[in-house]
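User: I am new to this structure and would be grateful for a formal walk through it by question and answer.

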Amino acid sequence: MKLRVFGSGSKGNALALRSGNTLLFVDCGFTCRELGRRMSACGVDPDDASGLFFTHDHTDHCKGLSTFHNRHPQVPLYANGNTADAISVLTGVDEGWRVFETAETFQVGDVSVTSFSIPHDAADPVGYLFDDGESALFVGTDMGSATFGVKDALARATCAVLESNHDPVLLKMSDRPVSLKQRISGRCGHLSNGDAADLVREVRPPRLKTLLLAHLSQQCNAPYLAREAMEPAVADLGRNVTLDVLEQDSPSALYEF
Ligand SMILES: [Zn+2]
Ligand SMILES: [Zn+2]
């Protein structure tokens with residue numbers, strides 16, 4: 001399986017995975033123009049996609065959908081019912097949806113897809129495990145805490161895109177309103193650097209080869225802090241695991257796993 005993350009953070013999220021001839025996207029959180037620019041820089045043709053999957057209805061995950069759907073109406077849009085409804089209201093896109101039940105497993109091309117509920121303040125948010133029989137990609141961002149479903153999916157992953165949103169000290173010191181700080185650090189907010197490291201320590205994902213830290217806050221985190229928090233947890237795995245930090249403003253390297 002191959003993965004390219006077009007950008008990750010509270011200003012926009014989108015990624016592409018490829019297995020054999022199957023190209024899938026997760027989230028469409030950049031303007032279509034910006035996403036198109038990043039896709040073409042990475043040699044990805046949106047018309048090749050067999051599906052666009054949504055994690056939840058926050059604008060940093062769906063704001064480009066309206067234009068994307070107009071330009072590429074043949075690309076099926078996958079979400080659970082509540083998320084599809086919420087995104088339809090937000091973007092005006094009310095056709096092209098293929099609605100699934102959270103936790104059901106289904107096949108799209110060469111890839112088997114399973115979603116899992118995540119605690120976050122959106123309509124019905126999910127993370128994903130994409131599995132092609134040889135490798136499996138975990139996508140888990142925008143969650144205030146890790147549930148059993150999150151841990152179970154992470155345990156199967158060979159590559160993980162895992163939220164490492166904020167440094168608790170920087171969040172506390174920031175000039176954000178108290179209510180927003182509570183929202184971010186709460187059960188339905190975002191995983192801190194320490195939360196992400198604790199999750200890896202607890203699950204000890206036995207097949208993990210690549211760990212990508214995602215959805216970093218630009219105000220309340222720094223790539224070196226996220227990396228420093230995670231490094232000991234990865235070292236404890238006692239294996240060679242590629243650890244990278246994803247960026248908001250530019251696409252990632254191409255990962256193969
Ligand atoms: Zn987000
Ligand atoms: Zn969100």
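**Sheets, helices and core**

User: Across which strands does α9 lie, and at what angle does it run to β13?

Analyst: This is a predicted model. In it, helix α9 lies across strands β12 and β13. The angle between α9 and β13 is about 160°.

User: To which sheet do these strands belong, and what is the order of its strands?

Analyst: The sheet is open, has seven strands and shows mixed pairing. Its edges are β7 (105-108) and β13 (242-245), each with a single partner strand, so one side of each has no neighbour in the sheet. Neighbouring strands are turned by 20° against each other on average, direction ignored. The order is β7-β8-β9-β10-β11-β12-β13.

User: Which residue of β13 stands opposite L213?

Analyst: Strand β12 (residues 210-214) pairs with β13 in the parallel sense, over four bridges. Beyond its neighbours within four places in sequence, L213 has contacts that include A226, M230 and L246. The residue of β13 opposite L213 is V245.

User: How are α8 and α9 oriented to each other, roughly parallel or roughly antiparallel?

Analyst: The axes of α8 and helix α9 (residues 223-236) come within 9 Å and cross at roughly 10°. Angles under 35 degrees count as roughly parallel. The two helices α8 and α9 are therefore roughly parallel.

User: How many nonpolar residues are there in the contact of α8 with α9?

Analyst: On the α8 side the contact includes A196, A197 and V200, and on the α9 side it includes L225, A229 and M230. By class, two residues of this contact are polar and two are charged, while the nonpolar residues number nine.

User: Which helix gives the most to the largest nonpolar core?

Analyst: In soluble globular proteins, nonpolar side chains tend to be buried together. Here the largest nonpolar core has 71 residues, and L137, F138, A157, A160 and L213 have the most contacts inside it. With five residues, the helix that gives the most to this core is α8 (residues 193-203).

User: What is the order of the strands in the sheet that contains β1 and β2?

Analyst: Strands β1 (residues 2-7) and β2 (residues 14-19) run antiparallel and are joined by five bridges, with R4 opposite A16 in β2. Helix α4 (residues 81-91) packs on the sheet, touching β5 (77-80) and β6, and its direction makes about 120° with that of β5. This open sheet of seven strands has mixed pairing, and its order is β6-β5-β4-β3-β2-β1-β14.

User: Which strands stand at the edges of that sheet?

Analyst: Each edge strand has a single partner strand, so one of its sides is left without a neighbour in the sheet. The edge strands are β6 (97-100) and β14 (255-256).

Methods:
Residues are numbered from 1 along each chain as its sequence is written. Chains are lettered from A and ligands numbered from 1 in the order in which they are written. This is a predicted model: local features need pLDDT of at least 70, side-chain atom pairs count only at pLDDT 80 or more; totals for chains, interfaces and linings use all residues. A nonpolar core is a set of buried Ala, Val, Leu, Ile, Met, Phe, Trp, Tyr and Cys residues joined through C-beta atoms within 7 Å. A residue is buried if 20 or more other C-beta atoms lie within 10 Å of its own, exposed if 12 or fewer, and partly exposed in between; C-beta atoms are placed from the backbone. Two residues are in contact if their C-beta atoms, placed from the backbone, lie within 7 Å. Axes are lines fitted to C-alpha atoms, for helices over the stretch in contact, and angles run from 0 to 180 degrees between N-to-C directions. Angles under 35 degrees count as roughly parallel, over 145 as roughly antiparallel, 65 to 115 as roughly perpendicular and the rest as oblique. Ala, Val, Leu, Ile, Met, Phe, Trp, Tyr, Cys and Pro count as nonpolar, Asp, Glu, Lys and Arg as charged, and the others, Gly among them, as polar. Two strands pair if DSSP finds at least two bridges between them.
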